[in-house]
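Subject: Structure for you to look at

Dear colleague,

I am passing on the structure we talked about, so that you can open it alongside this message. My notes on what was found in it follow below.

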Amino acid sequence: MRVSTAPEHQDEARFADARTRVEELRAKIEYHGYRYHVLGEPEVSDHDYDVLSRDLASLEKEYPELITPDSPTQRVGAAPSELFAPVTHSSRLLSLDNAFDEADLDAWYARVKKGVGREPGVVVEPKIDGLSVAVVYEKGRLTRGATRGDGARGEDVTANIRTLRGVPAKLRTEAPPAWLEVRGEVFFRLEDFERMNAELGEAGKPLFANPRNAAAGHLRQKDPPNRATAARPLSIYFHGLVKVEGKKLDSYAEVLEYLRTVGLRVHPDAAVCADLAAGKKAVAAIQERRHALDHEIDGVVVKVDDFAAQNELGATSKAPRWAIAYKFPAEEQTTRLNDIQVNVGRTGAITPFAVLEPVRVGGVTIGMATLHNAQEVERKGVLIGDTVVVRRAGEVIPEVVAPIPSLRKGDERKFEMPTHCPACGTELVRPEGEAVTRCPSYACPAQVHGRIVHFASRGAMEIDHLGESTVEALLERKLIGDVGDVFGLEKEDLATLPGFKDKSIKNLLDAIEGAKARPIDRLLVGLGIRHVGGTAAIRIANGIPSMEGIAAASVEELAAVDGVGTVIAQAVHEYFHRQDSQALVAKLREAGVRRTGERKKAEGH
């Protein structure tokens with residue numbers, strides 16, 4: 001605590017009493033917060049807890065010298081943060097491989113047994129459908145909170161993390177480690193989510209589609225939640241150790257127990273099991289009471305318990321071999337298919353989608369669902385007007401599973417794939433050997449819009465504030481025609497857009513300027529070349545570290561780059577030998593966009 005000296009004009013005895021009372025109130029608030037948020041065993045009512053908080057706030061207002069950064073009153077209404085700064089995690093936060101049935105789970109465990117030469121114990125935890133974060137404590141004090149990001153780097157959301165009551169400002173231990181970085185999952189309890197959406201609806205504001213999106217949106221606010229939004233609290237469970245200094249832990253079970261001890265909330269349904277046979281019983285128990293939980297889950301995570309075994313098993317470039325996500329079967333509902341329409345993607349792909357009578361599936365209201373392509377519609381035998389089975393595939397992407405022919409009334413009709421692009425009128429084509437029908441016009445407005453939105457996305461050039469509606473407004477006013485024009489935008493151009501004032505104009509121009517320095521692998525991804533995702537782009541940039549060199553390379557030279565291959569090489573070569581692509585590269589060069597420099601490390605791969 002900061003040492004304060006009472007001003008001379010104050011009564012020293014009264015000031016000392018106030019300091020004693022402030023310390024007492026903080027201790028009580030921290031204690032009751034621990035009982036409620038970590039143990040789930042509150043000892044006082046919400047009203048009594050609020051009285052303690054109000055008393056503390058009142059004393060701190062009277063004696064501002066007594067305010068400290070880790071006071072409970074500083075968790076809400078903190079000063080707005082700047083644009084999120086990048087954070088490098090102490091150790092990569094890997095994703096998980098998936099198991100979709102018991103056979104997949106058995107196969108994973110067989111590989112584990114072979115790798116360590118025995119049947120190791122496992123820990124089974126509910127897999128919360130939330131937002132992954134990494135939280136750092138230095139010498140017991142909260143110093144940083146960051147989103148997972150790409151696994152190597154995330155966004156600094158410390159100011160917002162401090163507002164979570166389940167994240168203590170300091171650990172409950174007399175001997176804290178020098179550094180403790182733990183992974184957690186931020187989420188909305190279903191009750192809090194429903195209440196929040198009800199309030200938004202009454203205010204005439206857009207609703208959140210699901211608790212996960214709501215959690216992500218709240219945690220990534222530029223301004224930390226204030227007292228008005230504190231009535232819609234985010235929750236958190238901690239579920240992983242990223243790095244610890246000054247404390248020896250030999251198993252994940254020990255980690256869970258240690259986190260509980262120091263005041264970090266772990267899931268109460270986490271189960272330590274002697275082997276996979278016991279683990280399967282824990283999986284079944286969690287699945288059985290899935291809907292009794294106060295939050296959404298989409299499965300469980302099964303981890304090898306012993307750290308020595310984890311180290312022996314190691315990891316692939318994407319996921320640890322010692323853990324797997326066992327996904328529960330997708331939930332299904334029936335509803336009416338009101339229409340089938342098509343979407344034009346940035347590559348010209350024409351994708352049918354179902355317009356549904358809105359239905360709630362797995363906690364989410366669904367009004368549209370994918371149908372993939374015309375052949376899939378034909379194969380499934382879906383008719384417009386059918387009653388259909390809908391599910392969230394992998395609990396994420398809504399899809400139409402099948403029609404229910406017995407419920408047909410006779411007025412249903414077949415879907416006819418359009419012959420011309422609904423966005424530009426160009427005759428559609430279906431390339432030989434492909435299932436996808438495409439619009440061949442590179443100038444198609446829907447494709448232009450999609451390419452620019454993709455170029456500005458987080459996986460590509462990451463131009464904040466350049467979203468779909470802004471791109472649409474810029475195109476409508478003919479201020480841009482392709483991604484290269486983005487770098488020529490000026491203040492006067494943006495001032496013509498609805499809702500754009502000095503601050504929003506500056507934010508977008510700063511974001512555009514910052515994008516010029518992105519590594520060239522990000523530029524390659526942003527160009528939207530077929531088959532070139534993040535992994536391929538990094539490999540190409542490392543093998544041929546200049547945009548001009550890549551553009552001039554032959555198919556053979558590109559294919560010779562480690563991990564690229566003929567299909568990707570052919571796509572890259574064809575892209576850079578189109579006149580429009582060459583003009584675009586020239587425009588980017590004139591704008592000062594970075595075009596050289598290899599990635600020293602293939603981040604995330």
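I would begin at Ile 529, which, when residues up to four places away in sequence are left out, touches Leu 524, Ala 571, Val 572, Tyr 575 and Phe 576. Please keep in mind throughout that this is a predicted model. Ile 529 belongs to the largest nonpolar core, which has 56 residues, and it is listed there with Ile 463, Phe 487, Ile 550, Val 572 and Phe 576 as the residues with the most contacts inside that core. The element that gives the most to this core is helix 19, residues 566-576, with six residues. Apart from this core lies another one, of 36 residues, which includes Val 133, Val 157, Leu 180 and Leu 259. As general background, nonpolar side chains in soluble globular proteins tend to be buried together.

Helix 19 comes up again when one looks at helix 16 (residues 534-543), since helix 19 is among the elements covering the buried residues of helix 16, as are helix 15 (520-526) and helix 17 (547-552). The residues in question in helix 16 are Ala 536, Ala 537, Ile 538, Ile 540 and Ala 541, which are buried.

For the chain as a whole, the secondary structure comes to 20 helices and 17 strands, and buried residues make up 47% of the 605 residues. Of the contacts in the chain with a separation of 6 or more, 69% are accounted for by residues 24 or more positions apart.

Asp 386 may interest you, as a charged residue that is worth finding in the viewer: its place is in the loop between helix 10 (374-380) and strand 15 (387-393). Is Asp 386 buried or exposed? Its relative accessibility is 0%, and because buried means under 20%, Asp 386 counts as buried. The side chain of Asp 386 is joined to that of Arg 408 by a polar contact of 2.7 Å. Leaving aside residues up to four places away in sequence, Asp 386 touches Thr 335, Arg 336, Leu 337, Gly 381, Pro 403 and Glu 412 as well as Arg 408.

Strand 12 (residues 332-344) runs antiparallel to strand 13 (residues 349-361), and seven bridges join the two. Together they form a hairpin with four residues between them, and in the turn Gly 348 has a positive phi of about 90 degrees. Within this pairing, Asn 343 stands opposite Thr 351 in strand 13.

A positive phi also occurs at Lys 139, where the value is about 50 degrees although the residue is not a glycine. Lys 139 has its place in the loop between strand 4 (131-138) and strand 5 (141-147), and it is exposed, with a relative accessible area of 67%. Glu 462, another residue other than glycine, has a positive phi near 50 degrees; it lies in the loop between helix 11 and helix 12 and, at 25% relative accessibility, counts as partly exposed.

The loop between helix 11 (445-455) and helix 12 (468-476) is also the place of His 465, which counts as partly exposed at 35% relative accessibility. His 465 and Ile 512 are 47 residues apart in sequence, while in space their C-alpha atoms are 9.4 Å apart.

Finally, the aromatic residues: the structure holds six aromatic pairs. In one of them, Trp 108 and Tyr 109, the ring centres are 6.1 Å apart and the planes stand at 45 degrees, so this pair is tilted; Trp 108 and Tyr 109 are both buried. Tyr 326 and Phe 328 form an edge-to-face pair, with 6.3 Å from centre to centre and 80 degrees between the planes. Tyr 326 is buried at a relative accessible area of 12%, and Phe 328 is buried at 4%. Charged ends also sit over rings: that of Arg 451 is 3.7 Å from the centre of the ring of Tyr 442, and that of Lys 243 is 6.0 Å from the centre of the ring of Trp 179.

With best wishes

Notes
Residues are numbered from 1 along each chain as its sequence is written. This is a predicted model: local features need pLDDT of at least 70, side-chain atom pairs count only at pLDDT 80 or more; totals for chains, interfaces and linings use all residues. Side-chain values use heavy atoms; hydrogens and water are left out. Rings of Phe, Tyr and Trp (its six-membered ring) pair if their centres lie within 6.5 Å; planes under 30 degrees apart count as stacked, over 60 as edge-to-face and the rest as tilted. Buried means under 20% relative accessible area, exposed over 50%, partly exposed in between (1.4 Å probe, protein chains only). A charge sits over a ring if NZ of Lys or CZ of Arg is within 6 Å of the ring centre and within 35 degrees of the ring normal. A nonpolar core is a set of buried Ala, Val, Leu, Ile, Met, Phe, Trp, Tyr and Cys residues joined through side-chain atoms within 4.5 Å. Contact means heavy atoms within 4.5 Å. A polar contact is a pair of N or O atoms within 3.5 Å; within protein, one must be able to donate a hydrogen and the other to accept it, and residues adjacent in sequence count only if both atoms are side-chain atoms. Two strands pair if DSSP finds at least two bridges between them.
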